[in-house]
Amino acid sequence: MDKLVYMFDEGKSGMKETLGGKGANLAEMTRIGLPVPYGFTISTRACNAYHDSDKKVTDDLEHEVLESLHHLESVTGKKLGDVSNPLLVSVRSGSVFSMPGMMDTVLNLGMNDDTVEAIAGLTNNPRFAFDSYRRFIQMFSDVVLDVDAYFFERFLEDFREKKDYATDPELTAGDWKEVIVGYKEIVKRHTKRLFPQDPKEQLFLAIESVFDSWNNQRAIIYRTLNKIPGHLGTAVNIQSMVFGNMGDDSGTGVAFTRDPSTGESILYGEYLINAQGEDVVAGIRTPQPIQTLEENMPAVFQQFVETCNRLESHYGDMQDIEFTVERGNLFILQTRNGKRTAQSAIRIAVEMVKEGIITKQEALLRVDPEQLNQLLHRRIDESIEINQLAKGLPASPGAATGQVVFDSDDAELLAKEGKKVILVRTETTPDDIHGIVSSQAVVTSRGGMTSHAAVVARGMGKACICGCDQIRIDSKKKEFYVGDTVVHYLDTITIDGGTGEIMLGEVSMIDPQLSEEFQEILSWADDERTLGVRANADNPTDARKALEFGAGGIGLCRTEHMFMDPARVPIVQEMILAENFEDRMIALTKLLPMQQEDFSNIFEVMNGHPVTIRLLDPPLHEFLPDKEELIVEVTKLQIMDPQSKELPEKELLLRKIRQLDEFNPMLGHRGCRLGVVYPEIYMMQAKAIFYAAASQLEKGFDVTPEIMIPLVGHVNELKLMRIVVDEAAELVANETGRKVEYTVGTMIEIPRAALTADQIAEEADFFSFGTNDLTQTTFGFSRDDAESKFLQHYIDEQTLPDNPFMILDQDGVGKLIETGVNLGRKTKPALKTGICGEHGGEKSSIEFCFEKGLDYVSCSPYRVPLARLAAAQATIRSKVLIH
C-alpha cells in the first residue's frame, strides 16, 4: 500500500509531486533545522483517492491520519481536544504548483467550548483564547459549513458599533464571549445544526473541505490561466498552531527576501502586532512595514533576517516567507519561491548571477518569457502634470486606464463586450479571480502589499494599488468617494501601480524604457539559442521596432496590408473590376511604383537582414465594399433617384462583387490560385520587389529578398509561380543592369502541402509554415466562427486542452509540420524552414519548433524578446536532457 501521510521530518524538497510545494518546503525547512511548528502532510495521492472514491475519506487514509496525529501529540506534549493541554492545528492546502489563495485554509482547529477555557487558563489570557475561538468558528463555518463570512463580519461590525469600538483589539474577553454566542446562532440558523464540538470530526471535515476546494471555481480558473494540470490534486498540511495574537510580544507577517516589484535586494514585507496570519493575507487590517519589527523586537528581527538569508541561499531563489512570533519566539510557517513582476524577475536573475548564487543558464530559466510582455507596454508620461485623486500602496507596477466597476461579474461581462475596466473593491478574495483576469488593473481600499489582490495582480502582470484608505466605497450605490469627489460606476480613471496614484480620466502614456538587466539577459539568451527569431512586419515602423527588439530579419511581410491603404483602395478596386487584361494592366501599372516604394523603405530599414515577402494572399472581394451594404445603397437609389449618375457605377460594382462572391472564401480563390489565374498580379509584385532591391543595391545596401508564394497545395502551383518570379527578376536585371540575388519559397498552410513536401521542395528554396491557416485547415475550423461559437466551451469542458490558434496543437498540426520538414529536407537537406503564425510568439510552440529542427520562428515585433528567451530556454533544456 502506498504511504498517504508523511510527518514533516519524513519528507524533503524533492517530494513536491507527493507533498505539494508547501508540504515539501515545510519538510525541507524541518530537515535543515529551522523553527517550524511540527506537523504532517496528507499527500496529493490521498486527494485523488478521495475524489476517485466519490468524495469519501478512505479507511486507509483515516488510519494514517490518526496515527500521524498521535505522533504529533506525543512530540508536542499536547492532545487534540484535551481539556488540560489542548493541541490546536491549522489545516492548509498545498498543491504541487503555488496557487496563492485559491484553495481553503482552517486555523485554530481543535477549539470548542471546553478547550477554549483550558487555553484561557494556560495562557492566562482569556481575551486571546476567546478571540481565537471566534476566529475558528467564522473560518470553519465559511470554509467547511458554507456559511458566508459576510454574516459574521456584519455581526461583528454591528457589535463594535453598539459597543462604540473602532477596532477589534478593543474587544475584551467578555465581548468575545458574546460574539461567540452570536456566531453560533448564525451557524444554527444557516445550517440547521449546532457548531461541531468534536475536534476529530472538525479535523476530517476540514480535510474533506480542502480536498473539495481543489475543484472550486476560483481554483479551476487559476489552473486554467496558469496551465496547471487538473489531475495533480492538492496535499493537506496539518500543523500545530502558533499564535501571533497573544499580546504585544507576538505578531505575524509575510516577507520576501527581495522586493517582488523591483527586484531590489532588500527585505520586503509586512507584519501585524497581536494578529493571526490571515489578517495580513486577507487585507482585513493594513499592516506595518517589516523594518519596524526591528524597533519592536530587535532580537527577533535579527533572527528573521538570518533565516531569510539562509533560505534564499538554500533554495537559490527569492523566497516568500510566512512567519509568526509567539511571545518573542520566531516560527517559520512557510517558504516558497516568491511571485514577482517581470521587471523584478529579470533584475533578480541577473543580480543572482553576479552574486554567484546561480549560473547564466539558471537565470535564463528563471524568467517566464510571457512576463517580458509586461515590460513592453506603455507607462504614464512623467512630463505631464498629474492631477492626483488619491494614493495607495504601489502593489504591482504598470499603468492602466479603464472604466470603474465594483463587482467581478460586471468586470467579466463588460470585458467580453470589449470594454476596458478597472476593478475597485474594499478588498479582493479568491472568488474575485475572474474579475481580476478581466480587468486592466485592480484597486483596493484595504490590505497591504502582500494581500490577495497584490499577489494575484503581480502574478498576472497587472497594475494594482492596495490599502488606498482615502477612498470610501459604496458598493450598493456603485460609487466611491475621495473627500467631496464622487466617482461613479463606469467613470474613467487611470492608475499607476508603480507609484500608487489614482487619477480621474484618461492620462497620457509613453513607450517603455527597457532596463540594462533586460538587455543583458536577452544577450545571454542570444548566446545560448540556436533557433533564429524574426518578426512579422509590413511597414518601416514595425520593421524598426523589430530590429530594436532584436529580430534577425522579417519572416513575414504581408503585401495585402499595403493594398489596404485608403489612397490605394480605388486603384486596387479598378484592378479587380477590370473587364479585360489591358484594363487590369493599367491599374497594375499604377500600383507598381507604390509597391516598389513600400519594399524600398523596408529593405532600407532592414539593411541586409533577410526579408520574406508574401505575395497577395486574401480573396479579391476583401478590397471591395460590403455586399449587403451595397445592396441597400443600390435599392435606395433605384427607388428614390433612378436617374442618379452613381446608380450605374454602383450596379456595376454590385455585379462584380456577386461574381467574386464565394461560399467559403477562406478555401476559395485566394493565394497562389489568384496568381495562377491572374499571373500579371504576381508579376507586378515581383517586379516591384526587384526594382526596390536593385535601387537599394545601388545605394550600397545589402538586399536578399525571399519571395513567398502563399497557399500552395500542389507542386505545379509553385512551379508556375516560380516561373513568373524568375521572369520578373530577369526583366528587372536587363532593365537596371543589376542582378538581384533572391530565393523563392512557399507558405505551407494546408495539409496536402505538408504531406507532399518532398515534391514541393523540388521547386522551393524555403518553407514557412503558416500555422494560423494550417490550424484552420487541419481542424476544419473557421477561426472566427470557432472562437465566437464553441471553442471556449471545448476548452472549459476539456474537449481540447488549449485554444489551438494560441498554443500549437502539437499532436495534429505539429505532426504535419514535422512531416513537412522531414520530407522537404529529404529532397533538399539544406532547406530553410520556419513558422510565421501567431504560434511563433508562444513559448511552448517555440520549444516545439526547436525540437523539430526548424531554423527560425517569426512573430509580432513586441513578442520578439519573448521568442528570444523561449528559444534560449529550449536550447538549455535540451542540453539538460542530453546530459
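**Notebook: side-chain contacts**

I began with F480, which counts as buried at 1% relative accessibility. I note here that this is a predicted model.

**Entry 1: aromatic pairs**

I looked up the aromatic pairs and found a count of 18. One of them joins F406 and F480 edge-to-face, with 6.4 Å from centre to centre and 70° between the planes. Which parts does this pair tie together? F406 sits in the loop between β16 (399-405) and α15 (408-416), while F480 belongs to strand β21 (residues 479-482), so the contact ties together parts 74 residues apart in sequence. I also checked F406, and it counts as buried, at 5% relative accessibility.

Next I turned to F690 and Y742, another edge-to-face pair, with centres 4.9 Å apart and planes at 70°. F690 is in helix α26 (residues 679-698) and Y742 is in the loop between α27 (715-736) and β30 (743-748), so parts 52 residues apart in sequence are tied together. Is each partner buried or partly exposed? F690 is buried, its relative accessible area being 1%, whereas Y742 counts as partly exposed at 23%.

I also noted a cluster in which ring pairs link F779, F781, F790 and Y794.

**Entry 2: charges over rings**

I found K478 over the face of Y489, 4.4 Å from the ring centre. For R534, I saw the charged end over the ring of Y856, at 4.2 Å from its centre.

**Entry 3: salt bridges**

Side chains of opposite charge can pair when their charged atoms come close. My lookup gave 48 salt bridges.

I took K184 and D113, whose side chains meet at 2.6 Å, N to O. K184 lies in helix α7 (residues 173-191) and D113 in the loop between β6 (105-109) and α4 (115-123), so this bridge ties together parts 71 residues apart in sequence. K184 counts as partly exposed at 23% relative accessibility, and D113 is partly exposed with 33%.

Helix α7 came up again with E178, which forms a salt bridge with K163 (3.5 Å, N to O). K163 is in helix α6 (residues 149-163), 15 residues apart from E178. I have E178 as partly exposed at 39% and K163 as partly exposed at 31%.

Then I checked D538 and R558, whose closest N and O atoms are 3.4 Å apart. D538 is in the loop between β26 (532-536) and α19 (540-548), and R558 is in strand β27 (residues 554-558), 20 residues apart. D538 counts as buried at 10%, but R558 is partly exposed at 22%.

My last find was a network: salt bridges with shared partners join R127, D131, R134, R135, R160 and D168.

Conventions: Residues are numbered from 1 along each chain as its sequence is written. This is a predicted model: local features need pLDDT of at least 70, side-chain atom pairs count only at pLDDT 80 or more; totals for chains, interfaces and linings use all residues. Side-chain values use heavy atoms; hydrogens and water are left out. Rings of Phe, Tyr and Trp (its six-membered ring) pair if their centres lie within 6.5 Å; planes under 30 degrees apart count as stacked, over 60 as edge-to-face and the rest as tilted. Helices (H or I, at least four residues) and strands (E, at least two) are DSSP runs, numbered from the N terminus. Buried means under 20% relative accessible area, exposed over 50%, partly exposed in between (1.4 Å probe, protein chains only). A charge sits over a ring if NZ of Lys or CZ of Arg is within 6 Å of the ring centre and within 35 degrees of the ring normal. A salt bridge is a side-chain nitrogen of Lys or Arg within 4 Å of a carboxyl oxygen of Asp or Glu.
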